[in-house]
Amino acid sequence: TIRRKLQGKMERQHAVKGAGLLVVVGAVALVTLSLGGGSHPARAELLSPLQVGRYAVRAERQGGDYDQKAERQIAFATDNDNAASGERDLAAKEEKRARDSAYLAADTKSRIDKVLEAGRDQVNQATKLKSKAGRLQEMAAELLGKAKTEKETAAALKAKYYTTMDQYGEAVKKIDTATQTAQRILDQMNAQSLTLAEVATEYGAASGHGEDPSAAGAVALKGQLQAAQTDLAAITAQKSQADEDTQEARTLADQYQPMIIGAEKDKRESDFHFQEFAQLTQQADALQNRADALLARADTIDGLIQATQTELATKRKSFEHYKNRAQTEMAISLQAEDKEALLRKQAREARYKAAELSDKARRLRALAQKGVNNVMESTEVPQPEE
């Protein structure tokens, strides 16, 4: 802006000095024409040689001024050329930087695409693992449901077995009680029979084997014998009842025998169902463990996905940075090229003006020299003719 103001001021000064130069040129032209075409009486009315010399000096000064202005224009053009060269270097430098930034942006974009592809693969892999884990968990839940059914069935059969065994235990207790009672009565009968035999033997000895039943010892023993017979009869009567009870208990045992066989079958089935329950539970646990392992892998991949997202955000920031930097550097390069073109144009215009000023100075000096030559010729004293 300052350079343009100085240039405008110089142009206005050039216009003013150009107008003065035209006046001087006009005066010199008048002197030349007057001296070249008139007679000696007319010379007194024209400019004197001193005045012509003054005008010639002024023309020389004006020509020097034109030369200085031309030199300034050339210097201005040279400065503009140097500045244009600097702008050209800046444009080349910024263009190179813009290309480097564009390359970095493209490289970052390629890396972003690779990270996105890796992230999609990770997401797909995690989704597949979670889906597979879900199916395994569903299978494990189904097996656990079957295991629960098997356990409930086994528990019901086991409860039925124990109920039957409890009932059979009551029957066995009755049998044992009747058997013990019968055995006790039988033992009493045996003991009473021995007692009766001893009393009978003593009575036989005391009565002389029935010859003297009225003997004192025989009478007393006879009472004991009768009492022993009465007790044996009472015990024998109890034995009949005990035999009936024992038979009834045995009948009850025979009735419970099929039930015991069924209970044993239920127990075996219960054990089988418990075995099935254990196997199903083990299979369900194995499936759940596989599902947990898959979920753990999925969690690990989720962590990788988080890291990938962080890396992707960083690379996107880098891409935006390089892209904006490339755009800015390219804009600076284009501005530098435009400025170079403007400076080159101004340099050409300045050189053209310098040439015009140099030409004006040359023509002015030539015109002034011509006027001086004419004055010198007109002032020469003519030689006398021989």
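A polar contact, as I use it today, is a pair of N or O atoms within 3.5 Å; within protein, one must be able to donate a hydrogen and the other to accept it, and residues adjacent in sequence count only if both atoms are side-chain atoms. With that in hand, take glutamate 329: its side chain makes a polar contact with the side chain of arginine 97, at 3.4 Å. I will come back to that pair.

First, the ground rules. This is a predicted model, in which local features need pLDDT of at least 70, side-chain atom pairs count only at pLDDT 80 or more, and totals for chains, interfaces and linings use all residues. Residues are numbered from 1 along each chain as its sequence is written, and side-chain values use heavy atoms, with hydrogens and water left out.

On confidence: pLDDT is the predictor's confidence in each residue, from 0 to 100. The mean for the protein chain is 76, and 79% of its residues reach 70 or more. Residues 1-45 have pLDDT below 50, and beyond near neighbours in sequence this stretch has 47 contacts in the model. A contact means heavy atoms within 4.5 Å.

Now the overall layout. The protein chain has three helices and zero strands, and along the sequence the pattern reads α-α-α. Helices (H or I, at least four residues) and strands (E, at least two) are DSSP runs, numbered from the N terminus. Among contacts between residues at least 6 apart in sequence, 92% join residues at least 24 apart. Of the 386 residues, 28% count as buried; buried means under 20% relative accessible area, exposed over 50%, and partly exposed in between, with a 1.4 Å probe and protein chains only.

Next, the nonpolar cores. A nonpolar core is a set of buried Ala, Val, Leu, Ile, Met, Phe, Trp, Tyr and Cys residues joined through side-chain atoms within 4.5 Å. The largest one has 15 residues, and Leu129, Leu136, Leu143, Leu287, Leu294 and Ile301 touch the most other members. The elements giving two or more residues to this core are α2 (49-206) and α3 (216-379). Its largest share, eight residues, comes from α3. A second, separate core of eight residues includes Ala59, Tyr66, Leu357 and Ala361. Back in the largest core, leucine 294 touches Leu129, Lys132, Ala133 and Leu136, leaving out residues up to four places away in sequence.

Three buried positions are worth a look on the screen. Alanine 350 is in helix α3 and is buried, with a relative accessible area of 2%. What does alanine 350 touch, not counting residues up to four places away in sequence? Gln73, Phe76 and Ala77. The C-alpha atoms of alanine 350 and alanine 70 are 8.4 Å apart, although 280 residues separate the two along the chain.

Threonine 108 sits in helix α2 and counts as buried at 8% relative accessibility. Leaving aside neighbours within four places in sequence, threonine 108 is in contact with Lys315, Ser318, Phe319 and Tyr322.

The third is glutamate 329, in helix α3. Is glutamate 329 buried or exposed? Buried, with a relative accessible area of 4%. Besides arginine 97, the side chain of glutamate 329 reaches the backbone nitrogen of alanine 98 at 3.0 Å.

That brings us to salt bridges, where a side-chain nitrogen of Lys or Arg is within 4 Å of a carboxyl oxygen of Asp or Glu. The whole structure has 19 of them. Arginine 97 and glutamate 329 form one, at 3.4 Å from N to O. Arginine 97 is in helix α2 and glutamate 329 in helix α3, so this pair links parts of the chain that are 232 residues apart. Arginine 97 counts as partly exposed, at 38% relative accessibility.

Lysine 339 pairs with glutamate 87, the closest N and O atoms being 3.5 Å apart. Because lysine 339 lies in helix α3 and glutamate 87 in helix α2, the pair ties together parts that are 252 residues apart in sequence. Lysine 339 is partly exposed, with a relative accessible area of 44%, while glutamate 87 counts as buried at 14%.

For a pair within one helix, take glutamate 320 and lysine 323, with the closest N and O atoms 3.3 Å apart. They are three residues apart in helix α3, so about one helical turn separates them. Finally, salt bridges that share partners join Asp81, Glu340, Arg344 and Arg351 into one network.
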